[in-house]
Amino acid sequence: MDRIGTMLSGLGAPPPGANLGHRSVVYIQMPDYGMAAVIERLYKPNASPLRDMRGHAGGYTDRAPYGGREQQVARALVGPAAEVTWELALACHDRGLTDIPGLGLEAGDVDYDDRLNPLHAETLRDFTKTWLRHVDDRRSGPNLDRLIAAALRNPAQPISALLPPERLSGDGALQSAYLLGLWGTVSFLLLSGMKSGWRGSFSTFEPPPGNTIHNLPHLVFRDFTRSAHGDAPPTQTRDENTVHLYAGAPPAPDDECLRLGSMLARAYEELGYNKLVPLLKQVAAYRTMPERFHMLMTMPDLARFDDGKTVLAPLPAAPRSPAEGRRHHHEPDAAPEDARSSNGAELVQVYEMLQSRAGTPAFLELVEWIHAAAAQGVTVGHQQAERLVAVLEDVGWYERELKTAYRAGAAARLAGLLYPLFAGRLNDRRTLSWMSDKVTRPETSPNLVRALIFLYSRADGASAGLMAEFVAPSLVRRAAAMSGSLTEAPFWKRTFTAPGWMLAAVVVLVTISVVLQLAW
């Protein structure tokens with residue numbers, strides 16, 4: 001605990017250059033101890049003077065008029081990392097540690113021999129949940145895509161986010177908006193089960209880089225006016241990825257990370273934190289970064305935020321066996337066309353194995369293999385594709401298996417099964433008529449309809465035009481036919497129209513009953 005105390009003392013010291021009214025929050029993780037801490041640093045002009053053991057003001061020093069206490073004070077909340085989370089740190093940044101019930105004395109009022117109250121984990125969880133209910137009321141910070149892209153580009157490299165001074169404190173502060181947007185997008189891609197080097201620690205204010213670099217959080221916010229000019233050049237710095245988040249900033253690198261960051265920022269802006277996070281948790285179920293990125297582009301609820309400019313590097317080529325795919329995650333150069341045709345012939349054998357493997361773990365491995373082959377552009381010959389489509393239709397498109405395994409991602413996985421069979425036939429009017437008929441029928445599985453829509457989103461210009469001509473009107477007709485409620489009302493709220501013969505039968509029965517009663 002002494003080492004933890006020393007570390008927290010350094011981070012809790014007033015940051016050089018902090019002005020009157022300063023307030024900032026540091027969140028630090030200590031994986032060697034399984035602990036984490038939230039440190040609140042704030043300016044408090046009415047801080048109580050410290051007293052020594054004899055009760056004299058001044059403590060170990062005698063710096064009038066504050067009685068040995070600086071007006072910049074700090075408080076640390078330390079606990080297990082599972083309870084002292086990033087979200088709790090953001091809640092403390094927005095509401096202040098003082099708002100946590102039962103915390104006791106405020107920062108600046110604690111004396112040497114005072115003891116703070118221990119807090120129950122449930123108290124911290126309730127505090128965080130209450131804050132999370134209202135986080136979707138706020139808008140994301142400008143240029144959030146730049147911050148997301150920086151984390152995706154090199155997760156292990158610390159980030160220095162530069163903001164104008166008016167956005168670092170007071171009512172105009174934006175750090176919480178940026179941090180929440182970053183946590184609600186990147187963290188579920190990079191932190192969950194990934195050895196990417198990303199660390200979730202942050203500080204909402206740090207001075208320009210200088211001599212003191214020990215234990216700095218992974219992400220820090222700085223004043224860009226001081227970083228750009230006016231301060232002495234640092235004599236010792238850490239290697240940081242500088243992200244400019246102010247008006248007139250230099251352009252960010254225009255690469256795939258920025259385009260993917262823009263897609264995630266759009267999704268976050270429209271859906272908000274509480275709706276986006278459950279979707280990204282499904283993405284985080286995949287083990288490799290290429291798979292997770294691919295899921296972002298294929299899940300219908302997320303793919304709609306793609307502006308069409310995001311072209312990710314291909315997934316690993318389909319391996320010779322499903323087990324081999326678990327051992328190889330390198331990204332080879334694009335395969336030549338003849339290799340893809342050869343892979344298409346092998347892919348037919350995988351399709352043929354699906355039915356006999358349904359209900360076993362091997363079934364999902366085969367599905368993943370076909371999905372990876374689809375990402376490589378592998379297609380199946382025309383005659384074989386027609387036969388395999390008939391088989392898939394006969395087994396109900398594996399609706400039950402895919403829905404059980406992938407839930408909301410079932411449509412994306414079904415699209416992966418369909419792509420090698422249909423990609424080469426999207427200009428064939430007979431195929432398009434088949435799709436139109438499937439979409440029109442109300443009994444067609446919603447997952448199949450969504451899978452066909454996904455094929456449209458990945459079609460080229462001519463094929464996309466034909467699909468719009470054939471399939472879009474059918475989709476409109478389907479929506480019109482299903483215009484009623486999609487969920488069945490409880491039985492006690494349903495209306496029932498009785499046929500005429502039933503009403504006549506009721507009248508006859510009532511008449512007979514009355515006659516019998518009178519006779520009795």
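This tour proceeds through a predicted model, naming at each stop what to select and what is found there.

**The whole chain**

Begin with the protein chain in cartoon representation, coloured by secondary structure. The chain contains 21 helices and seven strands. Of its 520 residues, buried ones make up 44%. If contacts between residues at least 6 apart in sequence are considered, 72% of them join residues at least 24 apart.

**The sheet**

Select the strands next. Seven strands form an open sheet with mixed pairing, and their order is β3-β2-β1-β5-β6-β4-β7. The edges are occupied by β3 (72–80) and β7, each of which pairs on one side only. Add helix α4 (residues 144–153), which packs on the sheet and touches β4 (159–163), β6 (219–223) and β7. The direction of α4 makes about 165° with that of β7.

Now move to the β3 end of the sheet and select strand β2 (residues 35–43). Strands β2 and β3 run antiparallel and are joined by nine bridges. To view one position across from β3, display Ile-39, which stands opposite Ala-76 in β3.

**Two covered helices**

Select helix α2 (residues 86–95). Eight of the ten residues of α2 are buried, and the helix is mostly covered. The buried residues are Trp-86, Glu-87, Leu-88, Ala-89, Leu-90, Ala-91, Cys-92 and His-93. Continue just past the end of α2 to Gly-96, where phi is positive, at about 90°.

Proceed to helix α10 (residues 289–298). Why is this helix described as largely enclosed by the rest of the structure? Nine of the ten residues of α10 are buried, so the description follows from that count. The buried set consists of Met-289, Pro-290, Arg-292, Phe-293, His-294, Met-295, Leu-296, Met-297 and Thr-298.

**Cysteines**

Select the cysteine side chains. How many disulfides does a search of the whole structure find? The search finds zero. Two cysteines may be inspected individually: Cys-92 is buried at 0% relative accessibility, and Cys-257 is buried with a relative accessible area of 18%.

**Aromatic rings**

Show the side chains of Phe, Tyr and Trp. A search of the whole structure finds eight aromatic pairs. One of them, Phe-224 with Tyr-246, is stacked, with 3.8 Å centre to centre and 10° between the planes. This pair links distant parts of the chain: Phe-224 belongs to helix α7 (residues 224–228), whereas Tyr-246 lies in the loop between β7 (241–244) and α8 (256–271), 22 residues apart. Tyr-246 has a relative accessible area of 13%, so it falls in the buried class, for which the cut-off is under 20%.

Then select Tyr-27, Trp-86, Trp-183 and Phe-202 together, since these four form one aromatic cluster. Trp-86 has already appeared in this tour among the buried residues of α2.

**Ser-201**

Select Ser-201, in the loop between α6 (187–190) and β5 (202–203). Ser-201 is buried, with 2% relative accessibility. Which residues is Ser-201 in contact with, leaving aside its neighbours within four places in sequence? They are Tyr-27, Ile-28, Gln-29, Pro-217, His-218 and Leu-219. Tyr-27 in this list is also a member of the aromatic cluster.

**Asn-447**

Move to helix α19 (residues 446–457) and select Asn-447. Is this residue buried or exposed? Its relative accessibility is 8%, so Asn-447 counts as buried. Display also Glu-399, Ala-410, Ala-411 and Leu-414, with which Asn-447 is in contact when neighbours within four places in sequence are left aside.

**Ser-474**

The last stop is helix α20 (residues 461–481), where Ser-474 is to be selected. Ser-474 is buried at 0% relative accessibility. Not counting residues up to four places away in sequence, Ser-474 touches Ser-436, Val-439 and Thr-440. Display the C-alpha atoms of Ser-474 and Val-439: these residues are 35 apart in sequence, and the C-alpha to C-alpha distance is 5.9 Å. Finally, show the side chains of Ser-474 and Thr-440, which are joined by a polar contact of 3.3 Å.

Conventions:
Residues are numbered from 1 along each chain as its sequence is written. This is a predicted model: local features need pLDDT of at least 70, side-chain atom pairs count only at pLDDT 80 or more; totals for chains, interfaces and linings use all residues. Side-chain values use heavy atoms; hydrogens and water are left out. Rings of Phe, Tyr and Trp (its six-membered ring) pair if their centres lie within 6.5 Å; planes under 30 degrees apart count as stacked, over 60 as edge-to-face and the rest as tilted. Helices (H or I, at least four residues) and strands (E, at least two) are DSSP runs, numbered from the N terminus. Buried means under 20% relative accessible area, exposed over 50%, partly exposed in between (1.4 Å probe, protein chains only). Contact means heavy atoms within 4.5 Å. A polar contact is a pair of N or O atoms within 3.5 Å; within protein, one must be able to donate a hydrogen and the other to accept it, and residues adjacent in sequence count only if both atoms are side-chain atoms. Two strands pair if DSSP finds at least two bridges between them. Axes are lines fitted to C-alpha atoms, for helices over the stretch in contact, and angles run from 0 to 180 degrees between N-to-C directions. A disulfide is a pair of cysteine sulfur atoms within 2.5 Å.
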